[in-house]
Amino acid sequence: MLKFYRIAVLVLIVFLIRDYYVRKRVQGDAPILLHEVQAILPAADALSVDHSERRGLFILDQGQQVIGYAVRTAPISDDIIGYCGPSDTLIVFDQATGKISGLSIRSSGDTTSHVNDVRNDRYYMNLWTQYSWDDLSKLDLQQGEIEGVSGATMTSMGIAHAIAHRIRYSQQQVQTAPPFQFRTSDAVLLLFGLGAALITFTRLKRVHRLRTLFKVSALIYLGFVSGDLLAESLFAGWARYAVPWRQLPGLVALAALAVLVPWTTRRNLYCQSICPHGTAQEFLGKLIPTKRKWKIRPDIKRALRWIPTLLLTLILCIIFLDIPIDLAELEAFDAFLLASAGIVSICIAVTGLLASLFIPQAYCHYGCPTGAIFEFVRSHGRADHFGKGDFVAGFLLLLAITLNQYAEIFKQYLFQ
């Protein structure tokens, strides 16, 4: 059960990051509130974010059954101006009929008198109830399917165009998903994954020269040629937006191996056989004889092992609170691509490499948050027990839950 707890913690944290950023994209800076929806659909009891490209809200009744769907035209349609400004319009669909239950103009940059004329024109507002989502995506405003409000024609037609554009935008996002692409670089990444598995799980691991050749190849290609290294900045981007399995299947497969292999087989395949920075430390460590290595006191060693945890805590805060710090700067991996590497990343990489001369795999053991995640999910078989790492993971999950719900409040206090 312990191994399922660990993978569940990891999945839940990723889900909480994804949920937060989907809510931000759906709700923007002026979230749809329950009472606004209840004014149109009185049975509404709760709102739930839709993670699809429709970018709306499911409307739930007291039994948590979906009874409708709500979207707002802002910010997607903010470029559509009526008379002198855009309008943010709430559109509520009825689940039973599939058609619009009603509209509400939430706010507007247009002339107040014109906006009020539109709000008070019952014919115009009720005209929309004949349309479903699909009907709106095909709405031809040029042919006069919607008539403007007399005296507020530009404002009312601006709202109409904003509604049609909002629906078409989501429809287009759904229909234009990128095609699946499998390139030579994807094949190379899969070969590295397969090679690492063979070296880890077969007798090939005893062929020292082959292992060395494989690690040197990974160091050169992944580190200096392609830059396809697994890092917190990569995983955070995927959690925020989407896993690009259509565009980067090789990298996604390599990431899956890095998590699932240690979880199921006890072997940390990526860190031990693929990671360029780990290989560089291993080779440098051989330059100094064992008798000249530093012996770290147990209490200092325990203190150093908290560094990855502190970095993971900082990373969660950066992600949820939009702190302007590049996550790539918190790890050494960005330093391999010198043309784009940041100063901090280079300093971390150089420090880790120098330390590895005297402390075996110094950065891997005491500084790498990505490696800490792979090590956390790694199974230890029957010898496994609930330890410090599991308590830390529980803390990070509670932190993610808290930030998911209250990040905006925290940001007000931090950045006011």
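Student: Is Cys 275 buried or exposed?
Tutor: Cys 275 is buried in this predicted model, because its relative accessibility is 7%, and the cut-off for buried is under 20%.

Student: Which cysteine sulfur is closest to the one in Cys 275, and how far away is it?
Tutor: That would be the sulfur of Cys 364, at 6.0 Å. A disulfide needs the two sulfurs within 2.5 Å, so this pair is too far apart for a bond.

Student: And what about Cys 317?
Tutor: No bond there either, because the closest cysteine sulfur, in Cys 368, is 19 Å away.

Student: So how many disulfides in the end?
Tutor: The count is 0.

Student: Switching to the hydrophobic side of things: how many residues are in the largest nonpolar core?
Tutor: There are 64. Ile 13, Ile 17, Leu 230, Tyr 270, Ile 274 and Phe 320 have the most contacts inside that core.

Student: What does Phe 320 touch, leaving out residues up to four places away in sequence?
Tutor: Phe 320 touches Leu 16, Ile 17 and Tyr 20, and also Ala 400, Leu 403, Asn 404, Ala 407 and Lys 411. Ile 17 is itself one of the residues with the most contacts in the core.
Tutor: There's also a second, separate core, with 27 residues, including Val 118, Leu 127, Trp 133 and Ile 146.

Student: OK, helices now. How long is α7, end to end?
Tutor: Helix α7 runs over residues 184-201, 18 residues in total, and spans 26 Å from first C-alpha to last. That is close to the 26 Å expected at 1.5 Å a residue.

Student: Which of its residues are buried, and what do they pack against?
Tutor: The buried ones in α7 are Asp 186, Leu 189, Phe 192, Gly 193, Gly 195, Ala 196, Ile 199 and Thr 200. The buried residues of α7 pack against α8 (208-226), α10 (249-265) and α11 (269-274).

Student: Where does Leu 234 sit?
Tutor: Leu 234 is in helix α9, residues 232-240. Setting aside neighbours within four places in sequence, Leu 234 contacts Leu 229 and Leu 251. Its C-alpha is also 8.4 Å from that of Ala 328, though the two are 94 residues apart in sequence.

Student: What does the whole thing look like, in numbers?
Tutor: The protein has 18 helices and 5 strands, and its C-alpha atoms fill a box of roughly 90 × 45 × 40 Å along the principal axes. Of its 416 residues, 45% count as buried.

Student: What share of the contacts is 24 or more positions apart?
Tutor: It's 65% of the contacts with a separation of 6 or more.

Student: And how much accessible surface is there?
Tutor: About 21,500 Å², with 61% of that belonging to carbon and sulfur atoms.

Technical notes: Residues numbered from 1 in each chain as written. Predicted model: local features only at pLDDT ≥ 70, side-chain atom pairs only at ≥ 80, totals over all residues. Heavy atoms only, no water. Buried < 20%, exposed > 50% of the residue type's maximum accessible area, 1.4 Å probe, protein only. Core = buried A, V, L, I, M, F, W, Y, C linked by side-chain atoms within 4.5 Å. Contact = heavy atoms within 4.5 Å. Helix = DSSP H or I, 4+ residues; strand = E, 2+ residues; numbered from the N terminus. Expected span 1.5 Å × (residues − 1). Areas by Shrake-Rupley, 256 points an atom, 1.4 Å probe, with all protein chains shown as cover.
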